[in-house]
Amino acid sequence: MTDAERISYSKDVPVAAEADVLVVGGGPAGIAAAVAAGRNGAKTVLVERFGFLGGNATAGLVGPFMTSYSQDGKIQLIKGVFEELVERAEALGGAIHPRSVEGGSEYAGFITYGHHRVTPFDPEYVKLVAAEMCLEAGVDLRLHTFVVDTLVEDPSASSGQASAVAGVLVASKSGLEAIRAKVTVDCSADADIAVRAGVPYHQGRAEDGLTQPMTLFFRVGNVDDEKVIAYVNEKNEYRPFQSLVMAARERGEFPIPREAIGVYRTPHPGIWRVNTTRLHQLDGTDVKDLTKAEIEGRRQVMFLMKFFREQCPGFENAMLLDTAAMIGVRETRRIVGEYTLTADDLATGREFDDVIALCGYPIDIHSPTGSGGTMNKEAFTCANVYQIPYGCLVPTEADRLLVAGRCVSASHEALGAIRVMPPAFAMGQAAGTAAALAVAEGVEPRNVPVPWLQETMVRQGAYLGDTVNQKIRERSAASGGASGNA
């Protein structure tokens, strides 16, 4: 971007809230962070730009939740806040628990690799359940609120300490306001708070900085479910409707850079999600690129609706129900944290003393320039179970700040695995718990005792593996059954 004319603007603004823990962003990471912080006794404020929670799960219409299990589908790895949200949505008729969903089924988009035990859900149910879980945890919800800037307290030049995040400046119908906090958790997905506090970051792949493409999800109704299932199973192609797409591309009649159609059956008869639009070489942190993506994405949706009706068995009478309220962004900034997760960590299943999440989703990188991707065993090897350490959530150059979601400290390749929603829930629960413990102990988030963090998470439903469970049992036995920071 060229240098633009600048103006100076100054205004006194009221302090709208004082929080122990401030969570910015109400997507999967933010929901879990806010619920965890509130349940651990912190006075918690959650700021969200939309009028509802859920982020990509609701405003983005992204679904199903990718696997919360090991890659082979045998061990549930991500529980805690995520599991509670799924069970509550299921009880209302708005989700199917992943234990009931097989890889290769219509609910998994007919994909087997990496798709064992996905979670179909209705976004409307997630909106309500997420809000109720936050309110029950005592969270002060601030919807329709957009963050304008990060409030930073600079240390003295002689102290050698990092800058400290003191809260944020927000804009809403109430005007410009400040929210101050003892600890802030950046769940903005784009590291907006961290970057505005001066935290260094990376963006895109190492060789050229290009990020994964964006996708506008949409839903269609009036689909003949059984006809779709019968056709796809009969063809037994690598991806649904692949031969139809490739034939149309050869005729010059399929302009979208895709090799097949991504469709996922929802919990409701005749309604399917579509993950097929693709917008290349656009920056998810640039408003002009986001605008372009929204418009071009909807053009692609209209093309696909015509293609569905004319070419795809079972979709002859399909009708467009809705498009996502926002373009789906797979990748933007990744902070520089105390530890950077790598593809080798995932391939070897490396164990970390500060593990805060176990995951099984493989490395899934949509090509930044072409029609393909890398979600296959030949492109990258992933262990059946791999770990995310706490250090990925801790920025190197800012205090009183944690980060959770797809902007944590990871390589471009590792992010391809942990960017999906169940790991975001797991990282959010860890960050929210750590933030509350930091406030309770009066320490920096980077100095929260990891064993205490792990024990608190496990006690509140998270699963961190047998090694951590054994250490917790040993500490409990050594202390006569007491738990806590000691």
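In which loop is the place of Glu106? In this predicted model, Glu106 lies in the loop that runs between helix H2 (80-91) and helix H3 (123-136). With a relative accessibility of 15%, Glu106 counts as buried, because the limit for that class is under 20%. When neighbours within four places in sequence are left aside, the residues in contact with Glu106 are Ile229, Val263, Tyr264, Arg265 and Trp272.

Two of these contacts, Arg265 and Trp272, also face each other as bridge partners, Trp272 belonging to strand S10. Strand S9 and strand S10 (residues 272-274) are paired in the antiparallel sense over 3 bridges. Both belong to an open sheet of 4 strands, which follow one another in the order S9-S10-S8-S11 with antiparallel pairing. Strand S9 (263-265) and strand S11 (319-323) form the edges of this sheet, each of them pairing on one side only. On average, and with direction ignored, neighbouring strands in the sheet are turned by 30 degrees against each other. Helix H7 (residues 287-311) packs on the sheet, where it touches strand S8 (218-221), S10 and S11, and the direction of H7 makes about 155 degrees with that of S11.

Helix H3, which follows the loop of Glu106, contains 14 residues that should span 20 Å at 1.5 Å a residue, and the separation of its end C-alpha atoms, 20 Å, agrees with this expectation. The buried residues of H3 are Pro123, Val126, Val129, Ala130, Ala131, Met133 and Cys134. An α-helix has 3.6 residues a turn, so residues three or four places apart point the same way. The cover over the buried residues of H3 includes H1, S2, H2, strand S3 (140-142), S8 and S10.

Parallel pairing is found around strand S1 (residues 15-24), for which both S6 and S2 serve as partners. Strand S1 is mostly covered, 7 of its 10 residues being buried. With strand S6 (residues 175-186), S1 pairs in the parallel sense over 8 bridges, and Ala19 has Ala181 in S6 as its bridge partner. With strand S2 (residues 44-47), the pairing of S1 is parallel over 4 bridges, and Val24 stands opposite Val47 in S2. Between S1 and S2 the chain passes through helix H1 (residues 28-39), and the resulting β-α-β crossover is right-handed.

The largest nonpolar core of the model comprises 148 residues, among which Phe241, Phe308, Phe315, Ile356 and Tyr390 touch the most other members. Helix H10 (residues 421-441) supplies the largest share of this core, namely 12 residues. The surroundings of Ile356 can be described in further detail. Not counting residues up to four places away in sequence, Ile356 touches Ile388, Pro389, Tyr390 and Leu393, together with Ala426, Met427 and Ala430, and also Leu453, Met457 and Leu464. Tyr390 is thus both a contact of Ile356 and one of the core residues that touch the most other members.

Helix H11 (residues 450-459) contains Trp452. Trp452 counts as buried because its relative accessibility, 12%, falls under the limit of 20%. Although Trp452 and Ala434 are 18 residues apart along the chain, their C-alpha atoms are separated by 9.1 Å.

Key. Residues numbered from 1 in each chain as written. Predicted model: local features only at pLDDT ≥ 70, side-chain atom pairs only at ≥ 80, totals over all residues. Heavy atoms only, no water. Core = buried A, V, L, I, M, F, W, Y, C linked by side-chain atoms within 4.5 Å. Buried < 20%, exposed > 50% of the residue type's maximum accessible area, 1.4 Å probe, protein only. Helix = DSSP H or I, 4+ residues; strand = E, 2+ residues; numbered from the N terminus. Contact = heavy atoms within 4.5 Å. Pairing = 2+ DSSP bridges. Right-handed = clockwise from strand over helix to strand, strands pointing away. Axes fitted to C-alpha atoms, helices over the stretch in contact; angles between N-to-C directions. Expected span 1.5 Å × (residues − 1).
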